[in-house]
Amino acid sequence: IVGWYIFGTTEKQVGVYTYEGELLTQRAIEPYTQFAYADLTGDGVDDLAVIYLNLTEKTSTAKLLSLGDKGIIEVGIVKLDPSVSAYSTPVFSKLSDNTPALYIDAAKGSGTITEIIWCKDGVLNGIYNPETPELSLTFRNSTVASGDYNNNGIIDIPLPELLLSPAEMAESDKVFYSNWSEFSGTEFKTVSSAFMVYADGYSITVPENIKQNFLVIRKAEARTRLFYSYNPDKGEAGDEIFRTVVVTTLEYHKETFENSGYTELGKTDNLVYLAKITEDTSYGFTAETVKSMFALIE
């Protein structure tokens, strides 16, 4: 299997060749934007998945070729979202029901979507529905990539969810959870909800049973996030539960911060991540609780 640029254009082609009896034979040739070599049909032999975004015709497709003992057979072709501008490298994984699947992140407008294709009962399927092209199930207004968030071998997609907030809060101050979600082939299931601070490279995972009772206030210039209790029925903020702060290693003086009630959550070569628990203990939060919720974004 060989992929190459066509001379003088941005178009690419991928060819499938067999070599037998000192004879090299071209068996298939396809235009492509990305391709992947993986066993999507589950027959123990890798297949060729060809992703092709045709910017001229404003179409995008995924074609699956089976390369088994019966020769090269087209398993199927599905439409993808044609309004994307570029694809990342496809990732071979599986759906939450263990069906082999291919995940392809794509740039769409100011954000990102994740295309998913899989084979079920010999039929190629895709998450994109051409009958409702305006509905992008996996769209997020950021460049956040999909990935195996909980390390269980299944790709998770960060679906955004707006945090509840008082009506008077400015739109620019509102923040989102990332609901890292697995796809079963029919529906998404959230495996973890996290507040992602990409600017400073960390996340705070929030327990599912209390995530609607948080209000997060950003103080970006101070590299601080304030976590308050929140009553969604009344639309009112309560007391501060804890705060996270990021300082440079040059600014960090351990005794000074410890004497001010801060606990170190983690650090890199250049940054130190801290948290401070306030007097409000209605959720039973401790420094160790917040530390268990904290993670660096790799």
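The exercises below, each with a worked solution, concern a predicted model.

**Exercise 1. Classify the ring pair Phe183 and Phe188 by its geometry, then give the burial of each residue.**

Solution.
- A pair of aromatic rings is described by the distance of the centres and the angle of the planes.
- The structure holds 15 aromatic pairs, and Phe183 with Phe188 is one of these pairs, with 4.8 Å from centre to centre and 40° between the planes.
- Planes under 30 degrees apart would count as stacked and planes over 60 as edge-to-face, so the pair of Phe183 and Phe188 is tilted.
- For burial, the limits are under 20% relative accessible area for buried and over 50% for exposed.
- Phe183 has a relative accessible area of 5% and is therefore buried.
- Phe188 has 24%, so Phe188 is partly exposed.

**Exercise 2. Classify the ring pair Phe227 and Phe242, and state which parts of the chain this pair ties together.**

Solution.
- The ring centres of Phe227 and Phe242 are 4.3 Å apart, and the planes stand at 15°.
- With this angle under the 30 degree limit, the pair is stacked.
- Phe227 belongs to strand 18 (residues 224-231), and Phe242 belongs to strand 19 (residues 236-248).
- The pair therefore ties together parts that are 15 residues apart in sequence.
- Both Phe227 and Phe242 are buried.
- The two rings also belong to one aromatic cluster, formed by Phe195, Phe214, Phe227, Phe242 and Phe285.

**Exercise 3. Find the ring over whose face Lys211 lies, and give the distance.**

Solution.
- The ring is that of Tyr177.
- Lys211 is at 5.8 Å from the ring centre, which satisfies the cut-off because NZ of Lys has to be within 6 Å.

**Exercise 4. Describe the largest pocket by volume, lining and residue classes.**

Solution.
- The volume comes to about 510 Å³.
- The lining has 22 residues, and the closest to the pocket centre are Asn141, Ser142, Phe176, Met196 and Tyr198.
- Strand 13 (157-162), strand 14 (176-183) and strand 15 (188-197) each contribute at least two residues to this lining.
- By class, the lining residues are twelve nonpolar, five polar and five charged.

**Exercise 5. Give the corresponding description of the second largest pocket.**

Solution.
- This pocket holds about 420 Å³.
- Its lining has 15 residues; those nearest the centre are Tyr149, Trp180, Leu296, Ile297 and Glu298.
- The classes in the lining are nine nonpolar, four polar and two charged.

**Exercise 6. Describe the cavities of 30 Å³ or more.**

Solution.
- There are two such cavities.
- The largest cavity has a volume of about 100 Å³.
- Residues that line the largest cavity include Asp81, Ile113, Glu115, Tyr128, Leu135 and Thr138.
- The lining of the largest cavity divides into five nonpolar, four polar and two charged residues.
- The second largest cavity has about 30 Å³.
- Leu163, Leu164, Ser165, Lys174, Val175, Leu215 and Val216 line the second largest cavity.
- In that lining, five residues are nonpolar, one is polar and one is charged.

**Exercise 7. Locate Thr112, classify it as buried or exposed, and identify what its side chain reaches.**

Solution.
- Thr112 lies in strand 11 (residues 111-120).
- The relative accessibility of Thr112 is 7%, so Thr112 counts as buried.
- The side chain of Thr112 reaches the backbone oxygen of Ser142 at 2.6 Å.
- Ser142 has already appeared among the residues closest to the centre of the largest pocket.

**Exercise 8. Locate Asp39, and compare its separation from Pro100 in sequence and in space.**

Solution.
- Asp39 sits in the loop between strand 4 (34-38) and strand 5 (47-54).
- At 15% relative accessibility, Asp39 is counted as buried.
- In sequence, Asp39 and Pro100 are 61 residues apart, while their C-alpha atoms are 7.4 Å apart in space.

**Exercise 9. Say what is notable about the phi of Lys58 and of Asn98, and where each residue lies.**

Solution.
- Most residues other than glycine have a negative phi.
- Lys58 is not a glycine, yet its phi is positive, about 55°.
- Lys58 is in the loop between strand 5 and strand 6 (59-68).
- With a relative accessible area of 66%, Lys58 is exposed.
- Asn98, also not a glycine, has a positive phi of about 75°.
- Asn98 is in the loop between strand 9 (91-94) and strand 10 (100-108).

Key:
Residues numbered from 1 in each chain as written. Predicted model: local features only at pLDDT ≥ 70, side-chain atom pairs only at ≥ 80, totals over all residues. Heavy atoms only, no water. Phe/Tyr/Trp six-rings, centres within 6.5 Å; stacked < 30°, edge-to-face > 60°. Buried < 20%, exposed > 50% of the residue type's maximum accessible area, 1.4 Å probe, protein only. Helix = DSSP H or I, 4+ residues; strand = E, 2+ residues; numbered from the N terminus. Lys NZ or Arg CZ within 6 Å of the ring centre and 35° of its normal. 1 Å grid on protein atoms, 1.4 Å probe; cavity = no way out; pocket = protein on both sides within 12 Å on 5 of 7 lines; lining within 4 Å. Points joined across faces, edges and corners; volume = space filled by probe spheres on them. Nonpolar A, V, L, I, M, F, W, Y, C, P; charged D, E, K, R; others polar. Polar contact = N/O pair within 3.5 Å; in protein donor to acceptor, adjacent residues only side chain to side chain.
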